[in-house]
Amino acid sequence: MGMMAEFKEFAVKGNVIDLAVGVIIGGAFGKIVDSVVADLIMPVVGMVFGKIDFSSLFIVLGKVPEGTGMALADLKKAGVPVFAYGNFLTVAVNFAILAFIIFMMVKQINRLKKNEPVAPVAAPVTPEDVLLLRQIRDSLQK
């Protein structure tokens, strides 16, 4: 079997297609969670902690050239090393929310799977020699 034929067989299997669909939906879902964190949650958290914009929290680690603005984007554009811990906080909150949502989805899927009726297990078939021995035993007891 040639490599292309083997790859075609692999690529059209259901698992690969399911995985591709999952990755695409996961990417779109990640963008939704990014928006929820950046546009809804972090502004509220910033307001609670004194109107802090977490995305602009950073520590300058190098010399700032003259005429460069002190915004994070300006410093990065000028090549100044910065320790952008606010951006990390935003990404960490984003991850925690995404992990919690995935946990809840898996929990619900597992709960639905448990409710499926289990087919009763059929009694194992007794071998013929055991049946014959039982008949001999019963006839001897009479």
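**Exercise 1. Decide whether Phe88 is buried or exposed in this predicted model.**

Solution. Start with the classes: buried means under 20% relative accessible area, exposed over 50%, and partly exposed in between (1.4 Å probe, protein chains only). Phe88 has 57% relative accessibility, so Phe88 counts as exposed. Next, place the residue: Phe88 lies in helix H4, where helices (H or I, at least four residues) and strands (E, at least two) are DSSP runs numbered from the N terminus.

A word on the ground rules: residues are numbered from 1 along each chain as its sequence is written. Since the model is predicted, local features need pLDDT of at least 70 and side-chain atom pairs count only at pLDDT 80 or more, while totals for chains, interfaces and linings use all residues; side-chain values use heavy atoms, without hydrogens and water.

**Exercise 2. Find which residues make the nonpolar surface patch, and which helix gives the most to it.**

Solution. The patch is made by Ile59, Leu61, Phe83, Tyr85, Phe88 and Leu89, and covers about 600 Å². Helix H4, residues 85-114, gives the most, with 3 residues.

**Exercise 3. Work out why the chain is described as more spread out than a compact globule.**

Solution. First, read the elements: the chain has 5 helices and 2 strands, in the order α-α-β-α-β-α-α. The radius of gyration (over C-alpha atoms) is 32 Å, well over the 14 Å from the globule rule for 142 residues, so the chain is more spread out than a compact globule; that rule is 2.2 Å times the number of residues to the power 0.38. Finally, look at the box: along the principal axes, the C-alpha atoms fill roughly 110 × 50 × 25 Å.

Technical notes
Patches are made of residues with over 30% relative accessible area and no salt bridge: like charges are joined within 9 Å, nonpolar side chains (Val, Leu, Ile, Met, Phe, Trp, Tyr) within 5 Å. Accessible areas come from the Shrake-Rupley method with a 1.4 Å probe; for residues, only the protein chains shown count as cover. A salt bridge is a side-chain nitrogen of Lys or Arg within 4 Å of a carboxyl oxygen of Asp or Glu.
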